[in-house]
Amino acid sequence: MAYDAPIDEIEFSLKAVAGLGQLEGLPGLEAYSDDLVRPILEEAAKLARDVLAPLNPVGDSQGAQLGPDGVTSPDGFKAAYEAFRNGGWMGLAAPEAFGGQGLPRALALGVMEMFHSANMAFGLCPMLSFGAIEALQAHGTPEQQRVYLPKLVAGEWTGTMNLTEPQAGSDVGALTTKAVPDADGSYAISGQKIYITWGDHDLTGNIIHMVLARLPGAPAGSKGISLFLVPKFLVNDDGSLGARNGVRCIGLEKKIGIHASPTCVMEYSGAKGWLIGEVNKGLACMFTMMNSARLNVGLEGVAVGEAAYQAAFNFAQERKQGKADGIAGPAPILHHADVRRTLITMRARVAAARAICYACGVSADLAHASEVPAVRAAAKAREDLLTPIAKAWSTDMGVDVASLGVQVHGGMGFMNETLAAQLYRDARIAPIYEGTNGIQAIDLVGRKLAGNGGASMRAMLAEIDDTVRMARTTNDPQFVQLAERLWAASKALGDATDWMLKTLKAEEQDKALASATVYLGLAGNVIGGHFLTRAALAARSGENLDDRARKVALAGFFAETVLTAAPGTLASITEGGSTFLVNSKALFGID
């Protein structure tokens, strides 16, 4: 596998589009300056290119294996994780008080994009640890933070998230894992969890499981769930590892992709655990992890899309087939207009999703670090709005772009030994992870939109209006055309938002939620087009004419092929749900 991180694109998107520079000097981020971005990205790119990417096909062919002593990783993964850990990558955005580097989470997103592009199965391991770190920071006791955070931040231990059970998928309120209080203040955890990513492995000496369970007499449903920290090995008072805890992997799921990432069936048999946060408030604590994971899963869509684009572009330069003007003999397929159309489709969608994810990351940093209450509140509202869009829109994009990569490869793309095929298989899990994309759409409409009466979306639309004005005032025909396309698309999103709020207010919830996925798609399209236009405007003032041409071409293509469809999507939102809701008896046999 050949992967070269698009350092220029990542740096540009972080700085010029997402606004990373506004984080300089904020409390907790004193170690950050814009000058650090390029060197950090360059070092991460070396690890991605030289260590992680060569292991991607190895992990796909070998997969993780379960034996009598637990799960073993594919050849080379243990050494790769050691290189990752020694590079300090796990603690890049963690507080310095716990051994981290105190840098923005948005910058860590840029780094993790590279690692996921090079080897998504590997990248899933630290991704879950990020969530465990954030949960302990937000909800752990000082003693829990003292014992566990330095090891997690250093990458010496990893973390997991244990929600799903055989009878309870996305409905975590139906879980039955039990937590029985012990005399020493701990709890005995018993039950079974499924689909636990990197639930067991041989990369580190200990694994810290974050487990949802129910106390005796707890209320039914999600109101009776608590969160517990359950280590694979107990930790002695001096910090050394003690006895093996009562938790083990009893099976590995057989998956269509991400074979190197062990997806475990975990059995808890009276395992010793400790309460995180308050009793029966576990879901709120777990949402700290889930929101972190949702943004990072969205980033996986970006990463796989970038890897698929690179693989397809390289193939298109090498594969010779058909005739082209000025080429003697069979021409590289890159010379065929339809192939170039496919490639720019891939590249433009990846760039839009990258900007959405990075903007969400900068908002999360601002919401945490700004000293101005109004700025923190606005940033939190923006983070909340963009999180489900970043997760769902970007992962759907990743699957679509990986599919286009297979198409560029033709018959070779359908062969398992090609990278294009692996990326397509690996990408498919992301729209399911951390709440399916349908759930993200419901969250966007039912919580993030309705929760503040549409204020956060209207703030987004106002920002888009500013971009439209800036593009118009250039008096450059290319930018004026961009402005017109973006304005029409923004108006459609505004009308769809008004319809959603009106429908929810009228308590026609089914009608609104039936169109939630289409609404999220429209929001992603318009916001993605906004960021691409902003990127073109930023490049316009630069000295690199080739870079300006690329940014304008991507924004223009996206505007003409995606934004132009927005007005038509409005009717799909306002009318599409009614079509099948009123005919559910005939279509599905239900009232």
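Visitor: Is cysteine 125 buried or exposed?
Guide: This model is predicted. The relative accessible area of cysteine 125 is 2%. A residue counts as buried when that area is under 20%, so cysteine 125 is buried.

Visitor: Why does the sulfur of cysteine 125 form no bond with the closest cysteine sulfur?
Guide: The closest cysteine sulfur belongs to cysteine 264. A disulfide requires two cysteine sulfur atoms within 2.5 Å. The sulfur of cysteine 125 is too far from its partner for a bond, because the distance is 11 Å.

Visitor: How far is the sulfur of cysteine 249 from the closest cysteine sulfur?
Guide: For cysteine 249, the closest cysteine sulfur is again in cysteine 264. Cysteine 249 is itself buried, at 9% relative accessibility. The sulfur atoms are too far apart for a bond, since the limit is 2.5 Å and their distance is 3.7 Å.

Visitor: How many disulfides does a search of the whole structure find?
Guide: The sulfur of cysteine 125 is too far from that of cysteine 264 for a bond, and the sulfur of cysteine 249 is also too far from it. A search of the whole structure gives the full count of disulfides, which is zero.

Visitor: Which residues lie nearest the centre of the largest pocket?
Guide: The largest pocket holds about 1,100 Å³ of space. Its lining consists of 39 residues. Those nearest the centre are Thr164, Ile432, Tyr433, Glu434 and Gly435.

Visitor: Which elements give two or more residues to the lining of the largest pocket?
Guide: The lining of the largest pocket includes 16 nonpolar, 11 polar and 12 charged residues. The elements that contribute two or more residues to this lining are strand 5 (187-197), helix 7 (282-318) and helix 11 (437-449).

Visitor: Which helix supplies the largest share of the lining of the second largest pocket?
Guide: The second largest pocket, of about 800 Å³, is lined by 34 residues, and Arg105, Glu134, Gln137, Asp365 and His368 lie nearest its centre. At least two lining residues come from each of helix 4 (105-118), helix 5 (120-139), helix 7, helix 8 (337-369) and helix 9 (373-409). The largest share is six residues, and its source is helix 7.

Visitor: How many residues of the lining of the second largest pocket are charged?
Guide: The lining of the second largest pocket divides into three classes. Of its residues, 19 are nonpolar and 10 are polar, while the number of charged residues is five.

Visitor: Which helix gives the largest share of the lining of the largest cavity?
Guide: The structure holds three cavities of 30 Å³ or more, and the largest has about 120 Å³ of space. Among the residues that line the largest cavity are Glu9, Phe12, Ser13 and Val17. Helix 1 (7-17), helix 8, helix 15 (516-540) and helix 16 (545-561) each give two or more residues to this lining. The largest share, four residues, comes from helix 1.

Visitor: How many residues of the lining of the largest cavity are nonpolar?
Guide: The lining of the largest cavity has one polar residue and three charged residues. The number of nonpolar residues in this lining is eight.

Visitor: Which helix gives the most to the lining of the second largest cavity?
Guide: The second largest cavity has a volume of about 40 Å³. Its lining has five nonpolar, five polar and two charged residues. Helix 2 (37-62) and helix 10 (419-427) each supply at least two of them. The most, four residues, come from helix 2.

Technical notes
Residues numbered from 1 in each chain as written. Predicted model: local features only at pLDDT ≥ 70, side-chain atom pairs only at ≥ 80, totals over all residues. Heavy atoms only, no water. 1 Å grid on protein atoms, 1.4 Å probe; cavity = no way out; pocket = protein on both sides within 12 Å on 5 of 7 lines; lining within 4 Å. Points joined across faces, edges and corners; volume = space filled by probe spheres on them. Nonpolar A, V, L, I, M, F, W, Y, C, P; charged D, E, K, R; others polar. Buried < 20%, exposed > 50% of the residue type's maximum accessible area, 1.4 Å probe, protein only.
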